[in-house]
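Got your viewer open? Let's take a walk through this one together, one selection at a time.

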Amino acid sequence: MWILKINMSDKTYKLEDVPNAYKNLGGRGLTSTIVCDEVNPLCHPLGPNNVLVFAPGIVTGTDAPTSARVSVGAKSPLTGGIKESNAGTSWSVDVARMKIKAIVVYSQPKEDKYWMIHISWDAKEERPKIEFLPADEYIGSDLYAVFPKIYERFGKGISIAGIGVAGEYGYANSGIVFNDLKGQPTRYSGRGGLGSVMGSKRLKFIVTSAQGAPEVPIVDKALFDQGCEKLANALRTHDITKPKGGLNTYGTAVLINILNEAGGLPTRNFKTGRFEGAPKIAGEAIFEGNKTRVGKEVYNHACSPGCIIQCSNTWYKQDGREHVSCVEYESDWSLGANLGIDNLDQIAEMVRLCNAYGLDTIETGGTLGVAAEAGIFKFGDGEKAIELIHEIGKGTPLGRILGSGTASAGRVLGVVRIPAVKGQGMPAYEPRAVKGIGVTYATSTMGADHTSGYTINNEILGVGGKVDPLSPEGKAAISRNLQAATAFLDSTGHCLFIAFAILDIPSGFEGFVEECNGILGTNWTAEDVIKIGLEILRKERAFNVAAGLNDSHDRMPEFMKYEPLPPHNHTFDVPDEVLDSVLKTV
Amino acid sequence: MKVKVKLYAMLTNRTKKTERGAPVEIELPEGESVMGLLNRLKLSVDEVRMIYVNGRSRQLDWQLRDGDEVGLFPPVGGG
């Protein structure tokens with residue numbers, strides 16, 4: 001296995017053996033370790049001294065089910081701290097099969113020209129072949145127009161990582177895009193502005209062709225196979241993850257009605273916890289709407305190879321043609337309920353535009369929420385919201401302000417109610433109605449991030465035990481454990497959604513650990529999962545502290561402490577000492 | 001007493017009485033529990049994972065009161 005080091009200042013590369021210290025790392029554990037080892041925490045995120053790291057997970061590229069995730073890491077232009085953002089895509093499988101454990105991109109070219117890198121497998125030399133190619137011809141364009149050109153140029157079997165215009169403009173809201181199984185630009189490492197870090201290095205795409213590449217090496221194949229089987233059985237049995245189960249039928253947007261019922265669906269820039277239009281945009285409405293428009297029941301598809309869960313939906317137009325994939329819960333909420341918009345066609349168009357321009361849908365909806373609060377447009381005006389996303393894509397002066405993300409745009413526009421932590425816009429769960437997720441938002445090394453410690457499992461979904469979402473009691477411990485387990489899970493290359501099954505089905509969890517032991521030859525136990533996860537969190541937090549993020553950044557926005565949220569009329573009442581107890585001493 | 005019931009996701013397929021999420025008024029004996037309501041709707045305990053009464057998460061033995069709004073969900077999840 002190799003670490004591929006790319007130097008953009010002179011367009012050279014090195015394939016280095018994986019150092020011992022990195023041998024058992026993958027995904028987030030590896031990106032965060034490399035960022036900690038190589039990046040000065042005080043560097044400008046868009047300057048020459050930031051590095052951008054891509055790493056498939058430990059089991060990615062193998063037969064392990066639902067494991068085609070890639071982690072991307074760097075210092076974040078959005079939060080000013082460390083960032084890891086992962087996505088599911090065939091690109092990560094290609095990289096893993098070419099025996100590349102991580103791609104590390106350094107420096108920037110002197111001249112203002114964009115480049116792309118093509119990585120293919122050289123069967124004769126038994127190593128990856130790396131080519132630098134000019135990419136200026138792809139700049140300034142809609143990604144839905146550019147992706148087909150790349151496929152035409154390199155052939156159908158390739159995978160693509162890249163940026164849209166948002167990354168070219170240097171927006172703090174810009175993701176890194178990966179292809180889905182149809183070759184569309186829809187799978188995003190969206191959060192934290194990593195697209196602009198790639199753009200600052202004048203790197204437009206990394207194209208992979210893994211034809212002829214070998215299998216990923218496995219130390220103990222029998223143990224690995226046993227682990228895969230146990231995990232696959234758990235995924236196929238659990239009601240949430242099984243075929244034609246909750247996620248495969250309704251997609252992640254099934255949560256819209258649930259959070260609305262619980263009074264925790266942030267509505268109109270976090271003013272209330274209920275949206276009267278929720279049933280119109282919920283996962284059930286997407287399923288029923290598609291059935292009417294397509295003329296049959298449409299179940300969801302996989303974002304990446306080897307997924308059992310298959311939760312990615314497609315929204316169809318009136319005439320039965322595809323509008324966009326995928327209307328996730330987060331996007332449906334941020335561009336729907338959060339803006340007071342109850343029209344799925346308008347929401348789908350906004351998701352499509354975010355994909356086309358290279359934007360994070362959560363951050364885009366959060367930013368438009370503060371823009372509506374500032375009177376730039378009216379809540380509920382979907383047409384105007386669509387126009388504003390076009391302004392972001394065109395780089396008009398207002399568009400550039402909105403491209404800077406929720407916190408920066410809110411400050412510029414004089415907004416007090418800014419739902420963000422460490423500069424990152426909040427996702428789709430109201431922390432005043434679901435206290436544990438607020439603990440995660442406040443303390444996560446990533447800024448407001450639901451995935452980094454998904455307490456919704458316990459507080460709302462009744463997975464892994466059930467607790468009262470409105471009570472602040474015991475939430476620090478739940479959040480800490482989930483943050484640690486997630487840091488490990490994000491290192492394996494598995495999708496976070498396997499958690500639904502492995503938290504409820506013990507043999508699934510065993511299989512999950514056995515897969516990793518099989519690949520690496522380790523003897524990890526359930527205790528090691530938490531220990532390794534905490535070690536990753538410790539590194540990430542140390543980076544953040546050195547970057548200037550201290551306890552005062554592990555806090556909820558002030559308005560959530562004094563403004564009660566209807567319908568339950570709770571404020572965020574988890575004491576600051578409790579927030580400090582979550583990760584400060586790990 | 002009367003309570004309003006909202007059924008979501010796959011649960012609607014089981015009763016055919018209601019649209020997804022549309023509240024339906026149901027007459028119940030005074031002091032009936034959530035369990036009693038499920039029996040009346042012919043829903044099994046395994047089918048219902050989340051129970052909300054007036055927006056608060058409740059258990060099967062929770063006693064309902066006149067005018068309550070009940071939301072029932074099967075095991076589903078997302079993110």
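Start at the border between the two chains, where the rule finds eight residue pairs in polar contact across the interface of chain B and chain A, both residues at pLDDT 80 or more. Keep in mind as you click that this is a predicted model. Now colour chain B by element: strand E3 (50-53), strand E4 (56-57) and strand E5 (69-73) of chain B are the elements that give two or more residues to the side that touches chain A. Sort that side of chain B by class and you get eight nonpolar, seven polar and four charged residues.

How many residues does each chain bring to the contact? Chain B supplies 19 residues and chain A supplies 36 residues. Together the two chains bury about 2200 Å², with 56% of it on carbon and sulfur atoms. If you wonder about that unit, the size of an interface is often given as the accessible area lost when the parts come together.

Next, hunt for charges. Between chain B and chain A the rule finds three salt bridges. For one of them, select A:Asp504 and B:Arg49: their side chains meet in a salt bridge at 3.7 Å, N to O.

**Chain B: a sheet to trace**

Hide chain A for a moment. Chain B shows an open sheet of five strands in the order E2-E1-E5-E3-E4, with mixed pairing. Which strands sit at the edges? They are strand E2 (24-27) and E4 of chain B, and each pairs on one side only.

Now zoom in on strand E1 (residues 2-7) of chain B, which pairs with E2(B) in the antiparallel sense over four bridges. Pick B:Val3 and look across: B:Ile26 in E2(B) stands opposite. While you have sticks on, remember that in a regular strand the side chains alternate between the two faces of the sheet.

**Chain A: the whole, then the start**

Bring chain A back and zoom out. Chain A has 24 helices and 16 strands. Its radius of gyration is 22 Å, close to the 25 Å that the globule rule gives for 586 residues, so chain A is as compact as a globular protein of that length. Along the principal axes, the C-alpha atoms of chain A fill a box of roughly 65 × 55 × 50 Å.

Go to strand E1 (residues 2-7) of chain A. Six bridges join E1(A) to strand E2 (residues 12-17) of chain A, and the two run antiparallel. Click A:Leu4 and you'll find its bridge partner in E2(A), A:Leu15. The hairpin of E1(A) and E2(A) has four residues between the strands, and A:Lys11 in this hairpin takes a positive phi near 55 degrees.

E1(A) also pairs with strand E6 (residues 100-106) of chain A: six bridges join them, and they run parallel. Here, A:Lys5 has A:Val104 as its bridge partner in E6(A).

**Backbone oddities in chain A**

Three loops are left to visit. Select A:Ser325 and A:Cys326: the peptide bond from one to the other is cis, with omega near 15 degrees. A:Cys326 lies in the loop between strand E14 (322-324) and helix H11 (329-334) of chain A.

Then jump to A:Pro566 and A:Pro567, where the peptide bond is cis too, with omega near 5 degrees. You'll find A:Pro567 in the loop between helix H23 (559-562) and helix H24 (576-583) of chain A.

Finish at A:Lys422, in the loop between strand E15 (420-421) and strand E16 (424-425) of chain A. Is phi of A:Lys422 positive or negative? Phi of A:Lys422 is near 50 degrees, a positive value in a residue other than glycine.

Notes:
Residues numbered from 1 in each chain as written. Chains lettered and ligands numbered in written order. Predicted model: local features only at pLDDT ≥ 70, side-chain atom pairs only at ≥ 80, totals over all residues. Heavy atoms only, no water. Contact = heavy atoms within 4.5 Å. Buried area = accessible area lost by both parts, 1.4 Å probe. Salt bridge = Lys/Arg side-chain N within 4 Å of Asp/Glu carboxyl O. Polar contact = N/O pair within 3.5 Å; in protein donor to acceptor, adjacent residues only side chain to side chain. Nonpolar A, V, L, I, M, F, W, Y, C, P; charged D, E, K, R; others polar. Pairing = 2+ DSSP bridges. Rg over C-alpha atoms; globule rule 2.2 N^0.38 Å.
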